[in-house]
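Dear colleague,

Please find the structure below, handed over for your use. My findings follow directly after it.

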Amino acid sequence: MTPDGESRRASAVVSGAVIALLFAAVVGLQAARERVGTPLASSAETGHLLYVRSPSFVTRAALSYRSVAADIYWIRAIQHYGGTKLSTDRRKQYDLLFPLLDLATSLDPHFNVAYRFGAIFLAEPAPAGPGRPDQAIALLQKGLDSQPERWEFAQDIGFVHYWWEHDYRKAAEWFRRAADMPNAPNWMSGLAAVTLAQGGNRASSRLLWQEMLKDQDAADWIVSQARFRLAQLDALDQIEALERIVMTYTQRSGAAPRAWADVVRAGYLRGIPIDPERHPYRLDPERGRVELDPRSPLNPLPASDQPRPAIRLEAGPSTPLGAGR
Amino acid sequence: MTVVPQIAVNVFKESVRDKILYNLVVFAVLLIAVSYLLGQLTAGQDIKIIKDLGLAAIATFGLLIAVFIGIGLVWKEVERKSIYSLLAKPIRRSEFVLGKYCGLVLTLFVNVSVMTLAFYLVLAYMGWRELPAVRAGWPAPATDPAMLEAVVLIFVELLLVTGIALFFSTFSSPFLSASLTLGLWVIGHFNADLRQFETVVNSPVAAWLARGLYYALPNFAAFDIKSQVVYGQPVAAQYIALTVLYGATYLAFVLAAAVTIFSRRDFK
């Protein structure tokens with residue numbers, strides 16, 4: 001190799017080394033910055049910022065990128081909901097959820113999943129959601145205004161009235177309205193009738209969720225919601241059955257069981273009962289109540305439609321306890 | 001008229017030398033990376049978002065090429081003073097302008113075609129890996145051919161943007177040309193607001209002016225049917241034909257103005 005070629009090679013090696021060193025320094029400094037912290041607002045704080053809330057302004061400003069802007073607001077809505085739900089902050093604030101969903105659906109009025117999932121997120125009670133069935137209904141109503149032929153929105157409004165507002169008359173009215181829409185499934189009119197006749201009945205709730213589970217067009221998340229709610233209904237059934245066993249035990253033995261082991265030993269159960277998510281049920285020996293394990297993902301259970309039997313306990317207070325939850 | 005294709009081919013070769021086609025690599029990487037990441041973020045909406053993003057990226061990359069290459073087409077030759085040697089040859093000024101335009105159109109055509117191909121390949125892969133039950137829930141198939149209608153209108157829009165950029169570059173600086181072209185492109189998306197201006201103002205003159213601008217300015221919003229095709233909604237063939245005709249006519253007007261201005265320009 002000529003001296004000229006050698007010097008060029010050496011120069012290239014030095015340049016490469018300098019570049020690698022500088023890059024390593026950048027990575028190292030970034031790691032150091034992370035450890036030291038930053039005087040800027042934390043991501044938790046900035047995550048709760050929404051500079052523009054006017055759907056009409058955003059719709060105009062997005063020019064021909066409305067769909068992409070809608071996607072961005074939708075992703076932000078999911079991040080906001082999921083991030084807040086999973087945060088360890090005791091004061092979970094979902095205040096941006098509705099504005100984000102409103103923006104996403106204004107930018108893309110056919111964003112059906114944003115209406116339907118958004119309504120589920122909004123109606124979910126605290127701490128798993130903002131507990132705003134009114135906003136859920138407003139969002140679905142907006143979807144229905146933009147696509148009056150979509151029976152799913154009417155069904156979902158009925159569902160919010162049914163499940164979260166416990167307004168079975170309105171729920172039946174919306175199921176009836178959904179049934180009258182084009183392409184609505186046959187079972188919808190039956191659901192309307194059942195809701196009107198036996199609103200709040202656990203059997204009618206089960207029917208509602210089972211039909212959602214069977215819905216071919218339902219998105220994965222809705223299907224998993226239906227599975228979850230059915231598991232909750234199963235848990236309610238099991239809790240009732242277990243409380244009846246506890247009552248029988250108490251009446252026959254003259255004392256309340258102190259633990260499941262007492263009930264198992266007496267032959268009423270074959271083992272410690274577990275919920276559909278495979279967490280053991282908890283027995284409250286003082287009140288004779290059966291409850292979910294606090295770690296069970298089925299918490300919190302919906303309000304039971306069945307009055308729970310009064311149990312007189314020898315070990316507990318002498319007054320009948322807890323007619324209903 | 002063989003001069004026009006020759007100039008066009010030269011412009012295309014120059015854009016290849018300038019590594020303009022590298023944007024295709026960026027496009028492909030962006031789309032593949034986003035496709036992977038979106039699955040984790042979007043609660044089952046990845047196919048819709050990839051369609052939105054793919055079509056928007058085709059339009060954006062094309063727009064950037066149309067504006068930033070288009071404004072330099074004539075200006076570069078003037079700046080390098082190569083315009084003198086070119087015009088000394090038996091080339092008419094109209095042929096020069098049209099040749100430059102066609103060269104950039106060829107570059108855009110190759111770009112849009114390759115981006116569309118990459119877009120469909122990514123969508124085909126996404127569709128293939130999904131379960132049939134999930135696919136059945138989509139409003140339109142992953143590789144819905146109807147999306148080509150949106151691509152066609154994006155391309156016609158880019159032809160018009162290129163024409164406008166070339167028009168401005170025949171008499172102004174690159175910075176001014178870029179600003180004016182992008183400004184017109186933005187205003188062209190507010191066409192519907194200009195149409196309704198009379199409902200929000202009391203002044204008949206302002207209303208008349210807005211109405212005049214509505215008819216005179218290019219209506220770029222008309223070329224945007226991305227949302228419709230993503231949801232598989234039918235777009236009438238008559239709408240597409242009329243919009244293409246509108247774009248072609250506006251383009252002819254802009255090119256005629258560009259040729260006229262360039263023909264009268266004094267380079268001494």
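From the N terminus on, the elements of chain B run α-α-α-α-α-α-α-α-α-α-α-α-α, that is, 13 helices and 0 strands. Please note that this is a predicted model. Taken along the principal axes, the box filled by the C-alpha atoms of chain B is roughly 70 × 55 × 30 Å. Chain B has 268 residues, of which 37% are buried. Among its contacts with a separation of 6 or more, 81% join residues 24 or more positions apart.

Helix H8 of chain B deserves separate mention. This helix covers residues 147-169 and is mostly covered, with 20 of its 23 residues buried. Its length can be checked as follows: at 1.5 Å a residue, the 23 residues of H8(B) should span 33 Å, and because the end C-alpha atoms are 33 Å apart, the two values agree.

Turning to the interior, the largest nonpolar core has 120 residues, and those with the most contacts inside it are A:Leu97, A:Ala104 and B:Ile58. Helix H8 of chain B gives the most to this core, contributing 16 residues.

Which residues does B:Ile58 touch, not counting those up to four places away in sequence? They are B:Val112, B:Met115, B:Thr116, B:Phe119, B:Val151 and B:Ile154.

A second core, separate from the one above, has 12 residues, including A:Ala235, A:Trp260, A:Val263 and A:Leu283.

Yours sincerely

Definitions and conventions:
Residues are numbered from 1 along each chain as its sequence is written. Chains are lettered from A and ligands numbered from 1 in the order in which they are written. This is a predicted model: local features need pLDDT of at least 70, side-chain atom pairs count only at pLDDT 80 or more; totals for chains, interfaces and linings use all residues. A nonpolar core is a set of buried Ala, Val, Leu, Ile, Met, Phe, Trp, Tyr and Cys residues joined through C-beta atoms within 7 Å. A residue is buried if 20 or more other C-beta atoms lie within 10 Å of its own, exposed if 12 or fewer, and partly exposed in between; C-beta atoms are placed from the backbone. Helices (H or I, at least four residues) and strands (E, at least two) are DSSP runs, numbered from the N terminus. Two residues are in contact if their C-beta atoms, placed from the backbone, lie within 7 Å. The expected span of a helix is 1.5 Å times one less than its number of residues.
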